[in-house]
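Dear colleague,

I am passing on the structure below, and after it you will find my notes on what came out of the analysis. Please read them with the sequence and the coordinates open beside you.

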Amino acid sequence: MDSQNIKVYLAISGALIVLFILVLIIPFSKKTTNNNLQPTTSVPFPTSVQTGSSPLIPNSLTPNPYSVPADFTGVSEEELPPEVLDASLQKKDLRQKAPLDLTTFVIDFDYSEDKFVVTLKDPKDQARTEFESWRTSNYPGLGVEQFLIR
């Protein structure tokens, strides 16, 4: 390579490095000095200002104190079927009572599965029949699919 070209490349790269350093340093070195001192005025806090009707506001601009009822909000209100409502209320009631420890079984609620976990005590056959009779008498709206029996 020619030594003349090397000198040109070195000069251009040096100039670019100096320019880059100046671009980085100049924005941080600017300090604004304010020679004209302004008098300090106390600004009221929003909680210290009295609000209410102002005599400067004309009556046509004052807000209307009467509210307008919304006839349609965009939501369609639909009634749940009574069996769905009853099942959800029974599930809520049993979930609030969980963990429920009875003589032959224990009921707890598993939030990840959204089901009740029934742990049967020994003898399991007798505990299962007692659980089924307890479920049908106390919570008839909850089906067998709501319970995981272990």
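In which helix does Trp 134 lie? Trp 134 belongs to helix H3, and I will come back to its surroundings once the overall layout is clear. Please keep in mind throughout that this is a predicted model.

**Overall layout**

The secondary structure of the chain amounts to 3 helices and 4 strands, which follow one another along the sequence in the pattern α-α-β-β-β-α-β. Of the 150 residues in the chain, buried residues make up 15%. The chain exposes about 13,100 Å², and carbon and sulfur atoms supply 60% of that area. When contacts between residues at least 6 apart in sequence are considered, 44% of them join residues at least 24 apart.

**The sheet**

The 4 strands make up an open sheet with the order S1-S2-S3-S4, and the pairing within it is mixed. S1 and S4 are the edge strands, each of them pairing on one side only.

Strand S2, residues 105–110, and strand S3, residues 115–120, are antiparallel and are joined over 6 bridges. Within this pair, Ile 107 has Val 118 in S3 as its bridge partner, while Val 106 stands opposite Thr 119, also in S3. The two strands form a hairpin with 4 residues between them, and in the turn Asp 114 has a positive phi of about 60°.

On the other side of the description is the pairing of S3 with strand S4, residues 147–149, where the strands run parallel and 3 bridges join them. Here Phe 116 stands opposite Phe 147 in S4. Between these two strands the chain passes from S3 through helix H3, residues 124–138, to S4, and the β-α-β crossover made in this way is right-handed.

**Around Trp 134**

To return to the tryptophan in helix H3: Trp 134 counts as buried, because its relative accessibility is 15% and the cut-off for a buried residue is under 20%. Leaving aside neighbours within four places in sequence, Trp 134 is in contact with Leu 94, Leu 100, Leu 102, Phe 105, Ile 107 and Tyr 139. One of these, Ile 107, is the residue already mentioned as the bridge partner of Val 118.

**Salt bridges**

A search of the whole structure finds 4 salt bridges, and I describe some of them here. Side chains of opposite charge can pair when their charged atoms come close.

The turn residue Asp 114 meets Lys 91 in a salt bridge, with 3.0 Å from N to O. This pair links distant parts of the chain, since Asp 114 sits in the loop between S2 and S3 whereas Lys 91 is in helix H2, residues 82–97, and the two are 23 residues apart. Asp 114 is partly exposed at 39% relative accessibility, whereas Lys 91, at 13%, counts as buried.

Asp 101 and Lys 121 form another salt bridge, their closest N and O atoms being 3.1 Å apart. This pair too links distant parts of the chain, with Asp 101 in strand S1, residues 100–101, and Lys 121 in the loop between S3 and H3, 20 residues apart. Asp 101 counts as exposed, at 55% relative accessibility, and Lys 121 as partly exposed, at 33%.

A further salt bridge joins Arg 135 to Glu 132, where the closest N and O atoms are 3.1 Å apart. Both residues lie in helix H3, and the 3 residues that separate them along the sequence correspond to about one turn of the helix. Arg 135 counts as buried, with a relative accessibility of 9%, while Glu 132 is partly exposed, with a relative accessible area of 23%.

**A nonpolar surface patch**

Which residues form a nonpolar patch on the surface? They are Val 8, Ile 12, Leu 16, Leu 19 and Val 23, which together have about 460 Å² of accessible area. Ile 12 is found in helix H1, residues 3–29, and is partly exposed, with a relative accessible area of 47%.

With best regards

Terms used: Residues numbered from 1 in each chain as written. Predicted model: local features only at pLDDT ≥ 70, side-chain atom pairs only at ≥ 80, totals over all residues. Heavy atoms only, no water. Pairing = 2+ DSSP bridges. Right-handed = clockwise from strand over helix to strand, strands pointing away. Salt bridge = Lys/Arg side-chain N within 4 Å of Asp/Glu carboxyl O. Buried < 20%, exposed > 50% of the residue type's maximum accessible area, 1.4 Å probe, protein only. Patch = residues over 30% accessible without salt bridge, like charges linked within 9 Å, V, L, I, M, F, W, Y side chains within 5 Å. Areas by Shrake-Rupley, 256 points an atom, 1.4 Å probe, with all protein chains shown as cover. Contact = heavy atoms within 4.5 Å.
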